Amino acid sequence: MIRFILADLNRFKAGALAVIVLIALSVALSVTVTLQERAVRLGSARAAEKFDLLVGAAGSETQLALSAVFLQPSPLPLMSGAILAKLSEDPRVEFAAPVGFGDSADGHPVVGTTTRLIAALSPTLAEGTGFMHLGDAVIGSEVARRIGAEIKPMHGAADEGGHTHTEIVYRVTGRMAPTGTAWDRAILVPIRAVWQLHGMTAHEHHDHAGEVAETVAANEHGHDHDHDHDHAPHIDAGAGVDEHFDAETPGIPAVLVKPKTIADAYRLRQEYRGETTLAVFPAEVLTRLYATLGDARSLLLAIAIGTQIIVIAAVLLVTVMHVGARRRQIGALRAFGAPRRAVVAIVWGELFLLFLLGFALGVCIGYAAAQFISATLTATTAIRMPVEFAWQDLSLALWFVVLAVLVSTVPALSTLRLSPAQALRS
Amino acid sequence: MLALDISGLEMRFPGIDTPVLSIPRLHVPAGAQLAITGASGSGKSTLVNAVTGLETTTAGSVSWGGTDIARLSAGKRDAFRAAHIGLVMQDFHLFPGLSAFENVVLPVRLARRLTQIDRERALGLLETTGIARASQAIETLSRGEMQRVAVARALLSNPGVIVADEPTASLDRRTGDEVAELIVRLARQDGATLVVVTHDPVFRERLDRHITLEGGRIVEHSAEAWAA
Ligand SMILES: Nc1ncnc2c1ncn2[C@@H]1O[C@H](COP(=O)(O)OP(=O)(O)O)[C@@H](O)[C@H]1O
Ligand SMILES: [Mg+2]
């Protein structure tokens, strides 16, 4: 039987191949959409895992979360440094780390922070040590620099027409273990170095108090460089790192807070949601974004399933015509003594085999495509996006198989209507 | 071997007023050999289809060794034919992509598991019919060889009846004679009842009785063919 089916398919090689490819492509589309959506969702959820609570100046929640979790450059308003000091002292807080973005080096974001955040991201460093001096830098696992290498920070990003800061050259002292997050592409430096670089000393902060809307990031014009340079012609890279913050602390775009308990997390979020500050759970913001992502997925999946139905209809048409053209062969099989069930099984089996091969090929193509897309995304964002099958995919596959069984039955049963003599005469 | 008894057989097709075939009575004894002749369109194939159960009859009975196949369901008729009737057609109806041997055993293999006995008998038949290599791909055989493979296939399950519809019509004279000789010889050897549609007078002479059809009726029969 199998031998006969294969010999038969071999005769209609081109047609069989076309049917397989058609089915494979339509299946691949659904597989890619499903896997990719899951990869993005899982990948970004894992990237957000280490960021329990973010506190920033009042503004957009989404922007605050995306900037801190994915290090997306965006003009965030500055929040008074006094809040960092207050959070650091709060008994419900395990640690509060400032996150100061805005500079870059060779396309890598340079982020000002503290050793606590580095410890939270990478409990043990892959190489080297954390920073002890203002001019030290710890790099993410994806940053292609050696320990001891020099890093010249640039204000903003190169493609935004930023300029290079000449006041300091960082020296790489350590490298974090891979975290699978956007922070793998980051260069972490002491927050105080960033402040000084931008002429924001404790005293100056007083002058700027209330003038919150200024952004460390891309607001070139809001930044008086001559003024900066006058006040900070050179930064002492050898000075020790001071991670104690008080009311005089300069402004910062965001503070990452690690609350001690879940209840504390909710209480803190409640407290820091006010006129001037904003507190968000990044995971919650992402969930809201996924809802949109999920809608997009539903739409894409509907399109994919639509194409699948069209393809199956086309395949059905082809096979009905094919069976029509093979009436003689089918009639002959019965005339020479093959039982009807065998004839039905052959027609059904051939079609089902094509469906199955197309499906298998489609799953492979879809998986490969999702892997490729994920790899491309990871290369640009450093966020690891796991392409993996889940149990619920099995029900989709099962549906396809059931559909394939039913669809292939139609032409198979149509062969029964013919008398062998009729079939032979055609 | 089975005897054929036809009575009151009528075959009609939709859209045609007169019956395409009308045979009040025909008897072929078990092991006898009947030739059917007649002009094209005279109803020969229709008769073959009726006696082999390939087509449902309109009226009457067609009984082989006491089994009236006109009263069987389509599935039962298929089963009866598979068990008792070996068929040879004008166009051989062999399946490309398979070897000579695979073609011979295909109908049996599709119905049940192939036994060692089936296998040996298939190889023996291919040898008898003069096919040197059983594993040769069917599409590489000559037309004469193809029809011999078809004969071997018809004989595999040792049928009591062999029915051939113009088996030599698409072959050249010499090849046709060889195939005709082979069919008659093997049928006689197995003691199978033989029914052959043929235009070939030489082939007809090899068989012990004959009938001639015209417009679906028997218009002439040899002394041995008991028909009325
Ligand atoms: N299924 C059918 N529908 C209508 N007419 C048919 C059908 N089968 C056969 N006929 C007609 O019956 C007559 C006898 O056909 P057939 O038995 O094939 O003749 P032949 O003696 O050449 O084998 C022809 O006129 C043919 O057109
Ligand atoms: Mg005919």
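Author: Two strands count as paired if DSSP finds at least two bridges between them. The model discussed here is predicted.

Reader: What makes β9 and β10 of chain B a pair?

Author: Four bridges join β9(B), residues 209-214, to β10(B). The definition asks for at least two, so the two strands pair, and they run antiparallel. Within this pair, B:T212 stands opposite B:E220 of β10(B).

Reader: What is the strand order of the open sheet, and which strands are its edges?

Author: The six strands of chain B follow the order β6-β7-β8-β3-β9-β10, with mixed pairing. The edge strands are β6 (85-88) and β10 (217-221), because each pairs on one side only. From one strand to the next the twist averages 20°.

Reader: How do you know that the length of helix α6 of chain B agrees with the expected span?

Author: The expected span is 1.5 Å times one less than the number of residues. For the 18 residues of α6(B), 173-190, that gives 26 Å, and the end C-alpha atoms are 26 Å apart, so the two agree. Just after the helix, B:G191 takes a positive phi of about 70°.

Reader: Why are B:V179 and B:L182 of α6(B) called buried?

Author: Buried means under 20% relative accessible area, and both residues are in that class, as are others including B:I183 and B:L186. The cover over the buried residues of α6(B) includes β3, β7, β8, α4, α5 and α7 of chain B.

Reader: What makes up the lining of the largest cavity?

Author: Lining residues have an atom within 4 Å of a cavity point; among them are A:M1, A:F4, B:L98 and B:R109. α3(B) gives the most, with four residues. The cavity holds about 50 Å³ of space.

Technical notes: Residues are numbered from 1 along each chain as its sequence is written. Chains are lettered from A and ligands numbered from 1 in the order in which they are written. This is a predicted model: local features need pLDDT of at least 70, side-chain atom pairs count only at pLDDT 80 or more; totals for chains, interfaces and linings use all residues. Side-chain values use heavy atoms; hydrogens and water are left out. Axes are lines fitted to C-alpha atoms, for helices over the stretch in contact, and angles run from 0 to 180 degrees between N-to-C directions. Buried means under 20% relative accessible area, exposed over 50%, partly exposed in between (1.4 Å probe, protein chains only). Contact means heavy atoms within 4.5 Å. On a 1 Å grid over the protein atoms alone, a cavity is a set of points where a 1.4 Å probe fits but cannot get out, and a pocket is an open set with protein on both sides within 12 Å along at least five of seven lines; lining residues have an atom within 4 Å of a point. Grid points are joined across faces, edges and corners, and a volume is the space filled by probe spheres set on the points.
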